[in-house]
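Me: Hi! I have a structure open and I'd like to talk it through in plain words. Can you help me read it?

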Amino acid sequence: MNTDALRQLLQKRNRAKDDLLSERTGLSRERILQLETSLEPNLNELRVLADFFRVDLRDLLPPDPRHQSVGLLFRSGGKDVDEVTSSALSRRVSYSIELLGEQLVPSAVTWIDKFRREGKTYADAEHNAEVFRTVFLGGDQVSPLYRLPELAVREMGVLLFLVRSNRFEGASAYVESLPFVFLAESFGPRMLFTLAHEIGHLIGHHDPQQSFAVVDTQTEKRTLPSKNATEFYAHAFASCLLMPGSGIGITLRKIREMQKGSDKALGDLEILLLSRIYGVSFYAAARRCEDLNLLPKGGAASLNETLKKEFGSAEKRADAANLPPRADVLFPKMPPALLKAATDKVRAGEISIGKASSILGLSIADLLTANAPRMN
Amino acid sequence: MNVVLDASSSINLHRGGVFDVVLSLTSSAFVFHMGYIVRSECGDLREFLDVLVTKGSLVLLPDNTLGPQEFTEVLNLYELGLGETECIALAKQHELSVCTDDKAARRAAAQHLGDGRVFGSLRLIRECVCQGLLSAQTAYAAYETMKARGAFLPSVSAVYFEC
C-alpha cells in the first residue's frame with residue numbers, strides 16, 4: 001500500500017469537512033481516524049477515498065517499481081511535492097515514454113541552443129523571451145500569444161498534459177530528453193501563464209540530456225531572486241513572453257488614444273484591458289506593468305486587493321465595466337502523438353484501453369470515440 | 001453462466017443499442033456482474049447501470065473483499081487498466097467469466113483464468129440471436145454501429161451472427 005500517500009491526504013484534509021467525508025465515503029469518523037494513523041484500508045475504502053479527494057486510485061496503491069526513478073525525480077522537484085502528485089506525474093511520464101517507444105526522438109529539442117541558459121536575472125529572462133518570439137513567432141515582439149499551447153506541442157515537441165489537481169499549478173520535466181509540461185486545469189489566463197512559466201524552466205537552465213523535474217504550486221506569485229533564482233527567472237520569462245514590453249507600450253498608447261486619455265497614472269481599467277488583450281490575469285498584467293515602471297512597486301498587489309474587496313474579483317470589475325470578453329485559449333487535452341500511439345497499440349493488443357485511458361487522462365468512452373473512423 | 005463485464009464491452013453494447021437485450025439473457029441462465037471501478041469507468045452510463053441494478057439485470061459486486069495488495073499484484077502483472085484488473089480479480093475470486101472487448105485484457109484474463117472463461121460482446125450478441133432475442137440482421141447492424149462508434153472489435157461478417 002502507498003500508505004504515505006493515503007496518510008498524507010488524510011492528514012492534510014480539512015477536518016471541518018469530516019462530516020461530509022464520512023457521508024460521501026460511507027466511512028465512519030472512527031474508521032477514518034484508524035486509516036489515518038495505522039490500519040490498512042481495503043480496496044473499497046481506497047476507491048471511495050480516491051473519489052472524495054479527486055485523485056487517481058493508482059496513486060494510493062503500491063507504486064509500480066518501474067516508475068520509481070521518475071517518481072524520485074518529481075519528489076525532488078519542489079519542497080511542496082506530495083506523494084500523490086509525484087506518483088501521478090511519474091506514472092504519466094513513464095507510460096508516455098513506454099507508449100511512444102520507438103517514436104522517441106531525443107534530438108527533437110533542437111531549439112534549446114538558441115537560448116541563453118547560464119543567467120537567471122530578469123534581463124536574461126527578457127532576452128530569452130525575445131529569442132523565443134524570434135524563433136517561434138517570426139520575430140513578432142508585439143502580439144498576444146494565445147497560440148502558446150499549440151506552439152509548445154507542435155513546434156517545441158512538448159508533451160503537454162492537462163490534469164485535474166489542486167495540489168499544484170504546473171510541472172515540467174525532461175525525461176529521456178523529452179520535454180514534458182503538466183498544467184492543472186483552472187482559470188484559462190492562469191493556465192497560459194503557468195505554461196509560459198514551465199517553458200521558462202525548460203529553456204532556462206536545464207540540459208535536456210539530464211533528467212530533471214520541477215513542480216510549481218504557485219506560478220503567478222513571484223519569489224525573490226535571492227530566495228529562489230530559478231523560480232524568479234521562470235516567472236519573469238512568462239511575464240516577458242506573454243506581455244512583451246514593446247507590445248504593452250503600443251497597446252497602452254492605443255488605449256489612451258481611444259480614450260483621448262491623459263498622462264495620468266495607469267488605472268485599473270487600463271490594466272484590466274491589457275490583461276484581457278494579452279490573455280493573462282489582472283495580477284500578472286499589473287505585475288508586468290510594475291516591471292516596466294508603469295506602476296509603483298507593490299502597486300499590483302495593492303490594486304488586486306482593492307478590486308477583490310470592492311468588486312469581488314478583478315474579472316468582475318472588468319465585466320461590470322463592459323470590457324471586451326477574453327479570447328479563448330485552446331489547450332489540447334493530451335499530446336496528439338500519444339493519442340495516435342495509444343489507439344494503434346490498443347488495436348494491436350499491445351496495451352489495454354483501460355491503461356491507455358489512464359495514460360492519456362481520457363475516459364474510455366472518449367478513447368473509443370477517438371478511434372471512430374472519420375466520415376471523410 | 002456468471003459473467004463480469006468491463007467498461008469497453010459495456011460501452012460498446014450500449015452504443016450498439018443492445019445492452020438491454022443482452023442483459024435480458026439473465027432469463028437464460030446468464031447472470032451479469034460488474035465491479036465498482038468498472039461502473040465508475042462507464043462515465044455517463046452510470047445512471048443507466050444503476051437502473052439495471054435496481055431491475056435485477058446487473059449485480060454490482062462489492063470490492064471490500066479484494067485486498068489492495070492482491071489487486072496491485074494483478075495490476076502490475078498484466079499492466080492493464082484499473083477496471084480491467086478489477087474484472088480479472090473479481091472473476092478469479094467469484095469464479096466468473098470475463099466479458100471484455102479489449103485484446104490485451106482478453107489475453108491477460110485468459111492467462112489468469114483459463115481460455116474458456118473469456119469472451120467479448122459479440123459472443124453475447126450472438127447468444128441473443130440463438131435465444132431468439134435478436135435477429136441476425138439486427139445483431140449485425142448493432143455490430144456495425146459499435147465499430148462506427150470506435151469499438152476495437154475484430155472484423156466479422158453477418159454470417160457470424162447466424163445461429
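Me: How many residue pairs are in polar contact across the interface of chain A and chain B?
Reply: The rule finds 11 such pairs, with both residues at pLDDT 80 or more. A polar contact is a pair of N or O atoms within 3.5 Å; within protein, one must be able to donate a hydrogen and the other to accept it, and residues adjacent in sequence count only if both atoms are side-chain atoms.

Me: Which helices of chain A supply at least two residues each to that side?
Reply: They are α4 (43-53), α16 (336-348), α17 (353-360) and α18 (364-370) of chain A. Helices (H or I, at least four residues) and strands (E, at least two) are DSSP runs, numbered from the N terminus.

Me: And what classes of residue are on the side of chain A that touches chain B?
Reply: That side has 17 nonpolar, 8 polar and 8 charged residues. Here Ala, Val, Leu, Ile, Met, Phe, Trp, Tyr, Cys and Pro count as nonpolar, Asp, Glu, Lys and Arg as charged, and the others, Gly among them, as polar.

Me: Before we go on, where do these values come from, and how is the numbering done?
Reply: This is a predicted model, where local features need pLDDT of at least 70, side-chain atom pairs count only at pLDDT 80 or more, and totals for chains, interfaces and linings use all residues. Residues are numbered from 1 along each chain as its sequence is written, chains are lettered from A and ligands numbered from 1 in the order in which they are written, and side-chain values use heavy atoms, with hydrogens and water left out.

Me: Thanks! How much area do chain A and chain B bury between them?
Reply: About 2700 Å², with 60% of it on carbon and sulfur atoms. Buried area is the accessible area (1.4 Å probe) that two parts lose on being put together, summed over both. In chain A, the residues losing the most area to chain B are L43(A), R47(A) and L368(A), together 21% of what that side buries.

Me: How many salt bridges are there between chain A and chain B?
Reply: The count is 1: K355(A) pairs with E79(B), and their closest N and O atoms are 3.1 Å apart. A salt bridge means a side-chain nitrogen of Lys or Arg within 4 Å of a carboxyl oxygen of Asp or Glu.

Me: What about the whole structure, how many over all chains?
Reply: The search finds 24. One of them joins R190(A) and E169(A), with the closest N and O atoms 2.4 Å apart. R190(A) is in helix α9 (residues 188-204) of chain A, while E169(A) is in the loop between β1 (159-163) and β2 (170-175), 21 residues apart.

Me: Switching topic: what is the strand order in the open sheet of chain A?
Reply: The 4 strands run β1-β3-β2-β4, with mixed pairing. Two strands pair if DSSP finds at least two bridges between them. β1 and β4 (212-216) of chain A each have a single partner strand, so one side of each is left without a neighbour in the sheet.

Me: Which residue of β3(A) does L160(A) stand opposite?
Reply: L160(A) stands opposite V181(A). β1(A) and β3 (residues 178-184) of chain A pair in the parallel sense over 5 bridges.

Me: And in chain B, what is the order of the open sheet?
Reply: Its 5 strands go β3-β2-β1-β4-β5, and the pairing is parallel. The edge strands are β3 (58-61) and β5 (118-119) of chain B. Strand β1 (residues 2-5) is joined to β4 (residues 97-99) of chain B by 3 bridges, and V4(B) stands opposite V98(B).
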